Amino acid sequence: MAFVDPASTSGYLLPLKTLKDRKIEPKDTVFAMKHDSVVTMIYQGQVDAGATYYSPPQNGQLEDARRLVKTQYPDVEQKVKIIELSEPIPNDPIVFRKDMPEEMKEKIVDTLLQFAATPEGQKSLDLMLGATNLKKSTDSDYDSVREMLSTLAPEGK
């Protein structure tokens, strides 16, 4: 089984939780260090399975990690199949330093949300982040990630 990196939420931590929840323990694991490397290892038969990020197709175009190697392997979509999706995770936060004035934070957030609502903003989000939208969040929106991490932590840590 190929994973991305021990610190990757989508390429290791959440898939590991999914496997543990199903009482599946891979015989051997390897860290490929990049999402496209995981896909390539599966495609080339170096591993039986792997874990990487998923984004739903847009306008009929592949958006998950397989798109990263589609030029090299045009049939990757047919040869590397998704067998299960994990629970969704919040990602790509925009954060501010503690001492930034609240008024400035609000202005930046409002401006970004307004821009993201325009066709140009949507195109920019996709190009920069592979994201389809922005939304306001709070620290508690990441509680599910904290809970997931606590289930993976060794006993007593």
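This note sets out points on the fold, the nonpolar core and selected buried residues of a predicted model.

1. Overall architecture. The protein has 6 helices and 2 strands. Read from the N terminus, these elements follow the order β-α-β-α-α-α-α-α. The C-alpha trace spans about 55 × 45 × 20 Å along its principal axes.

2. Burial and surface. Of the 157 residues in the protein, 27% are buried. The exposed area comes to about 11,200 Å², and carbon and sulfur atoms supply 52% of this area.

3. Contact range. Taking contacts between residues at least 6 apart in sequence, 57% join residues at least 24 apart. One pair that is distant in sequence is Val 4 and Lys 34: they are 30 residues apart along the chain, while their C-alpha atoms are 5.3 Å apart in space.

4. Charge. The side chains include 20 positive and 25 negative ones. The centres of the two sets lie 2 Å apart.

5. The largest nonpolar core. This core holds 12 residues in all: Met 1, Phe 3, Tyr 12, Leu 13, Leu 14, Leu 16, Leu 19, Ala 51, Tyr 142, Val 145, Met 148 and Leu 152. The elements that contribute two or more residues are α1 (9–21) and α6 (143–152). Helix α1 provides the largest share, 5 residues.

6. Helix α1. The buried residues of this helix are Gly 11, Tyr 12, Leu 13, Leu 14, Pro 15, Leu 16, Lys 17, Thr 18 and Leu 19. They pack against β1 (2–3), β2 (30–31), α2 (35–43) and α6. The helix also has a kink of about 25°, centred on Pro 15; Pro 15 is itself among the buried residues of α1.

7. Tyr 12. This residue belongs to the largest nonpolar core and is one of the buried residues of α1. With neighbours within four places in sequence left aside, Tyr 12 is in contact with Phe 3, Asp 5, Pro 6 and Phe 31. Of these partners, Phe 3 is also listed in the core.

8. Thr 18. This residue is in helix α1. Thr 18 counts as buried because its relative accessible area is 14%, and the cut-off for burial is under 20%. Apart from neighbours within four places in sequence, its contacts are with Glu 84 and Ser 86.

9. Val 4. This residue lies in the loop between β1 and α1. Val 4 has a relative accessible area of 3% and is therefore buried. Not counting residues up to four places away in sequence, Val 4 touches Gly 11, Phe 31, Ala 32, Met 33, Lys 34, His 35, Val 38, Ala 51 and Thr 52. One of these, Gly 11, is a buried residue of α1, and another, Ala 51, is part of the largest nonpolar core.

10. Ser 8. The loop between β1 and α1 also holds Ser 8. With a relative accessible area of 13%, Ser 8 is buried. Its contacts, leaving aside neighbours within four places in sequence, are Leu 13 and His 35. Leu 13 is a member of the largest nonpolar core, and His 35 is also touched by Val 4.

Terms used
Residues are numbered from 1 along each chain as its sequence is written. This is a predicted model: local features need pLDDT of at least 70, side-chain atom pairs count only at pLDDT 80 or more; totals for chains, interfaces and linings use all residues. Side-chain values use heavy atoms; hydrogens and water are left out. A nonpolar core is a set of buried Ala, Val, Leu, Ile, Met, Phe, Trp, Tyr and Cys residues joined through side-chain atoms within 4.5 Å. Buried means under 20% relative accessible area, exposed over 50%, partly exposed in between (1.4 Å probe, protein chains only). Helices (H or I, at least four residues) and strands (E, at least two) are DSSP runs, numbered from the N terminus. Contact means heavy atoms within 4.5 Å. Accessible areas come from the Shrake-Rupley method with a 1.4 Å probe; for residues, only the protein chains shown count as cover. Lys and Arg count as positive and Asp and Glu as negative; His and the chain ends are not counted. The place of a charge is taken as NZ of Lys, CZ of Arg, CG of Asp or CD of Glu. The bend at a residue is the angle between axes fitted to the seven residues ending there and the seven starting there.
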